[in-house]
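Grab a pencil and keep the viewer open. We'll work through a few exercises together, one step at a time.

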Amino acid sequence: MTSGSRRFCFVQLEFPWALGPEAGRHTIRERLGEAPACVLVLQVLGAPERRLVGRQRRARSLGPAPELQPEAVLTSRATMIDTAPLAGPARAERWLSEIDADAVTATAVARLNRVLHAHAAATADPYLREVSRGQALVVRIGFGTGEHVADGRWERALELPRAPSGALRPGMAVLRPQERLAALLAGRDAVLACEVLTLRVRLDADAERWREAALGLRIALQAALAELAPWDEIAGLPARVDELGSRLDDVSATADAALAGGLGDAQIEIVRSVLGRIEAALRARTAGGIG
C-alpha cells in the first residue's frame, strides 16, 4: 500500500479499551509466501497522561464519592486496509454502494482477532481478549488514498448502525440470562466446566482455528457427558446426552488428527456438528434447570 491518488478500501472499528498490540502498522498475510492481504493500523485515542516510568506511588486518601470524577479511558481505533487498490473513483464509489457491509465487517473482525490472538500468544498473556462487532463503539467502511486511510481518514465512508453487544447467534434460543445469573449467584445453579470449555471451543471455531477447536472439543464433550448425566429429569436431555455419547469416537479421532496436522472438510464438519449439539444440550439443561 502506498500513498498517491490510488484509493484503498478499509473497515474501521473503535473499542473503549486497549486492544494490546503496540500502535502502528501491522502487515497481515493470509498464508506464508503470499503478498500482504491487508494492513492493520492501530491508534490509541484519548489516552490518559502517562506516569513517570518506575515512579513509586502511595495510596492516597479519598473524599466522599461525589467529589470523584470518572477516570479517563482510552479508545483504540483499528483500521483494516485492503492492499489491493480500487480502480479509480468510479469503481470506488460502486464498491461502496454494492458491498455487503455485514460480511465485510465480519471479515475485518476476524482478521483483527487473528492479530489479537497472535499477540496473546506472543506475550503469553491469558487475559488479553478478542473482540466482536457488538463491542465496537463505531464501525465505518469506506475508501480513501493510501496515506489518508493509514491516518484514520477517508474520502467516503459509511458508518454502520451499532450492533447490540452480546447478540445471539442465529439458531440460539433466548435463555433468560438474567434469571440464570440470579440462580448462579444464589447458589441454585452452578456453572459447569463443560460450559466454559464449550465457550472456548466456540471462540476457536468462529475464528476458524480448527485444530484448537478439535482438541478442545474432545475434553468439552467428555466433560459434558459426565456433567449432564445427573440432569436426567429434564425432558429430552437424556436423549441428547446419548446422542453426544455416540459421537465421542468421531471427536476423539478428529482430535488425534488435529495433533498430527490440519483437518479436512469432513473433520471440520464433525467439529461444527458436535459443538452445535453440545450447545443445544446445554441450552436444554439451562432452560429446564432454572428454578
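Below are five exercises, each followed by a worked solution. Before you start, note that this is a predicted model, in which local features need pLDDT of at least 70 and side-chain atom pairs count only at pLDDT 80 or more, while totals for chains, interfaces and linings use all residues. Residues are numbered from 1 along each chain as its sequence is written, and side-chain values use heavy atoms, with hydrogens and water left out.

**Exercise 1: the overview**

Find out how many helices and strands the protein chain has, and what share of its residues is buried.

Step 1. Helices (H or I, at least four residues) and strands (E, at least two) are DSSP runs, numbered from the N terminus. Here you get 9 helices and 6 strands.

Step 2. Buried means under 20% relative accessible area, exposed means over 50%, and partly exposed is in between, using a 1.4 Å probe and protein chains only. Of the 291 residues in the chain, 38% are buried.

Step 3. Now look at contacts, meaning heavy atoms within 4.5 Å. Take the contacts with a separation of 6 or more: 75% of them are between residues 24 or more positions apart.

**Exercise 2: the nonpolar cores**

Work out which elements give two or more residues to the largest nonpolar core.

Step 1. A nonpolar core is a set of buried Ala, Val, Leu, Ile, Met, Phe, Trp, Tyr and Cys residues joined through side-chain atoms within 4.5 Å. The largest one has 30 residues, and W210, L217, L228, L263, V271, V274 and I278 have the most contacts inside it.

Step 2. Match the core to the helices: α5 (193-206), α6 (210-228), α7 (237-246), α8 (248-260) and α9 (265-289) each give two or more residues.

Step 3. Zoom in on L263. Leaving out residues up to four places away in sequence, L263 touches W210, R211, A214, T254, A257, A258, I268 and V271.

Step 4. Don't stop there, though: a second, separate core has 29 residues, including I99, A108, V109 and I141.

**Exercise 3: salt bridges**

Compare the pair E155 and R7 with the pair R202 and D206: where does each residue lie?

Step 1. A salt bridge is a side-chain nitrogen of Lys or Arg within 4 Å of a carboxyl oxygen of Asp or Glu. Searching the whole structure turns up 24 of them.

Step 2. In the bridge between E155 and R7, the closest N and O atoms are 2.8 Å apart. E155 sits in the loop between α3 (146-150) and β6 (156-159), and R7 sits in strand β1 (residues 7-15), so this pair ties together parts 148 residues apart in sequence. E155 is partly exposed at 40% relative accessibility, whereas R7 is buried at 16%.

Step 3. R202 and D206 are bridged at 3.1 Å, N to O. Both lie in helix α5, 4 residues apart, which is about one turn of the helix. R202 is buried at 16%, while D206 is partly exposed at 47%.

Step 4. For a bigger picture, find E14, R77, R140 and E159, which are linked in a network of salt bridges.

**Exercise 4: a pocket and a cavity**

Describe the lining of the second largest pocket and that of the largest cavity by residue class.

Step 1. On a 1 Å grid over the protein atoms alone, a cavity is a set of points where a 1.4 Å probe fits but cannot get out; a pocket is an open set with protein on both sides within 12 Å along at least five of seven lines, and lining residues have an atom within 4 Å of a point.

Step 2. The second largest pocket has about 510 Å³ of space, a volume being the space filled by probe spheres set on the grid points, which are joined across faces, edges and corners. Its lining has 18 residues, with E30, A110, R114, A207 and E208 nearest the centre. Helix α2 gives the largest share, 7 residues.

Step 3. Now sort by class: Ala, Val, Leu, Ile, Met, Phe, Trp, Tyr, Cys and Pro count as nonpolar, Asp, Glu, Lys and Arg as charged, and the others, Gly among them, as polar. The pocket lining has 6 nonpolar, 3 polar and 9 charged residues.

Step 4. The largest cavity has a volume of about 30 Å³. Its lining has 7 nonpolar, no polar and 2 charged residues.

**Exercise 5: one proline**

Locate P36 and list what P36 touches.

Step 1. P36 is in the loop between β2 and β3 (38-45), and is partly exposed at 29%.

Step 2. Not counting residues up to four places away in sequence, P36 touches T27, I28, R29 and T83.
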